[in-house]
Amino acid sequence: MALLNVDNVGVRFGGVVALDGLSFSVEAGQICALIGPNGAGKTTLFNVVSRLYEPDQGAVTFDGQDLLAVPAHRIVGSGIARTFQNVALFPSMTVLENVMTGAHERGHTGFVNAIFRIGAAREDRAQRRQGLDLLEQLELAHLAHRPTAGLPFGTLKRIELARALAAEPKLLMLDEPANGLTHGEVDELVETIRGIRDQFDLTILLVEHHMSMVMALSEHIVVLDFGRKIAEGTAEAVRNDPVVIEAYLGAPT
C-alpha cells in the first residue's frame, strides 16, 4: 500500500515551471529515490511535501490524509521528517541537544504545562534517553556532550540523521545525504540507511546525485527533468532507459 501519493502536482515561480504535473507513489517500507539534473524539481517536491511550498495544482496524500491541508508546523507531528542539502544544526548546542530538538514536535507537555514545567522534566528525561540511544546506534555516543561546532562534515550529516529519527517519523526524506562525503563514508551511509529503514520500520524518500549510492540502495527510482517525470522503476530499468541515459546518466562508454 502506498504511504505517499503525489498526484499531478505543479509548482510555478513566476514564468518558471518547477514541477509540471508530477505523479508518483512511494510504498510503505520502500526506499525510493528522486534523481535528475540540477533544476529538475527534486528539492521543490521535497518542499511541497514538507509544506514549505504551496503547489499551484495537484494533490498529495500521506498515510491516507490530505497532506496539503496540514499546516507546515504540524508536518513533523504527522509522521514526516527530513534532512537538508546543507546541514542545519545549532553549532553552540551539544550533539545530544541537537538530536533532542528533533523530538520537540511530538512532545505532549503542551503550552500551559510547559510554562509551569508540569510534566516537562519527565518528557525531557525521556527525550534525553532516546537521543542517547540514537547516538549509540549511529556510533556517535562519544560525542554526545560536545558542541557540534568544528565537527567533521560527515559527522554532522549523521547527527542531522539522528535528529530526524528522534521525531519518530513514518516517512524520512533525505535531501542529498551523500553530499560532501568521502567514498568510504558513502559506502557506510548506504548500510546505515538500510539499517535504520529496517530497524525503525521507515519509508525513505531521497534526493541524491551520487549514482552508485542510488543504484545500490533504491528499490524504486523516479527520474525528473525540467519538472516532469521522464521515467520510473527499478534501478535496473532506469539504468537502461534510453530517455534517462540521454537526459541524465549519459551514454555508456
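**Strands 1 and 4.** I began with how strand 1 meets strand 4 in this predicted model. The two strands run antiparallel, and five bridges join them. I looked for a residue pair to mark the spot and took V6, which stands opposite V60 in strand 4.

**The sheet around them.** Next I asked which strands make up the sheet and in what order. Four strands form an open sheet, ordered 2-1-4-5, with antiparallel pairing. Strand 2 (16–27) and strand 5 (65–66) stand at the edges with a single partner strand each, so one side of each has no neighbour in the sheet. I then noted the secondary structure of the chain as a whole, which comes to ten helices and ten strands.

**Aromatic rings.** I looked up how many aromatic pairs there are and found one. F13 and Y53 form this pair, and their ring centres are 5.3 Å apart. The planes stand at 75°, and I entered the pair as edge-to-face because the angle is over 60 degrees. F13 belongs to strand 1 (residues 2–13), while Y53 sits in the loop between helix 1 (42–49) and strand 4 (57–62), so the pair ties together parts 40 residues apart in sequence. Are the two residues buried, partly exposed or exposed? F13 has 40% relative accessibility and counts as partly exposed. Y53 is also partly exposed, at 30%.

**Nonpolar cores.** I turned to the largest nonpolar core, which has 48 residues. L172, M213 and I221 have the most contacts inside this core. Helix 6 (residues 153–166) gives the largest share of the core, seven residues. A second, separate core has 30 residues, including L19, F62, L171 and M173. I went back to M213 to list its contacts, leaving aside neighbours within four places in sequence. Among them are P177, A178, V186, L189 and V190. I also wrote down I193, L206 and E208 as contacts of M213.

**The whole chain.** Last, I looked at overall figures. The C-alpha trace spans about 60 × 40 × 35 Å along its principal axes. The chain has a radius of gyration of 19 Å; a compact globule of 253 residues would have one near 18 Å, so the two agree. I noted that 48% of the 253 residues count as buried. The accessible surface comes to about 12200 Å², and 53% of that belongs to carbon and sulfur atoms. Of the contacts between residues at least 6 apart in sequence, 68% join residues at least 24 apart.

Notes
Residues are numbered from 1 along each chain as its sequence is written. This is a predicted model: local features need pLDDT of at least 70, side-chain atom pairs count only at pLDDT 80 or more; totals for chains, interfaces and linings use all residues. Side-chain values use heavy atoms; hydrogens and water are left out. Rings of Phe, Tyr and Trp (its six-membered ring) pair if their centres lie within 6.5 Å; planes under 30 degrees apart count as stacked, over 60 as edge-to-face and the rest as tilted. Buried means under 20% relative accessible area, exposed over 50%, partly exposed in between (1.4 Å probe, protein chains only). Two strands pair if DSSP finds at least two bridges between them. The radius of gyration is taken over C-alpha atoms; the globule rule is 2.2 Å times the number of residues to the power 0.38. Contact means heavy atoms within 4.5 Å. Accessible areas come from the Shrake-Rupley method with a 1.4 Å probe; for residues, only the protein chains shown count as cover. A nonpolar core is a set of buried Ala, Val, Leu, Ile, Met, Phe, Trp, Tyr and Cys residues joined through side-chain atoms within 4.5 Å.
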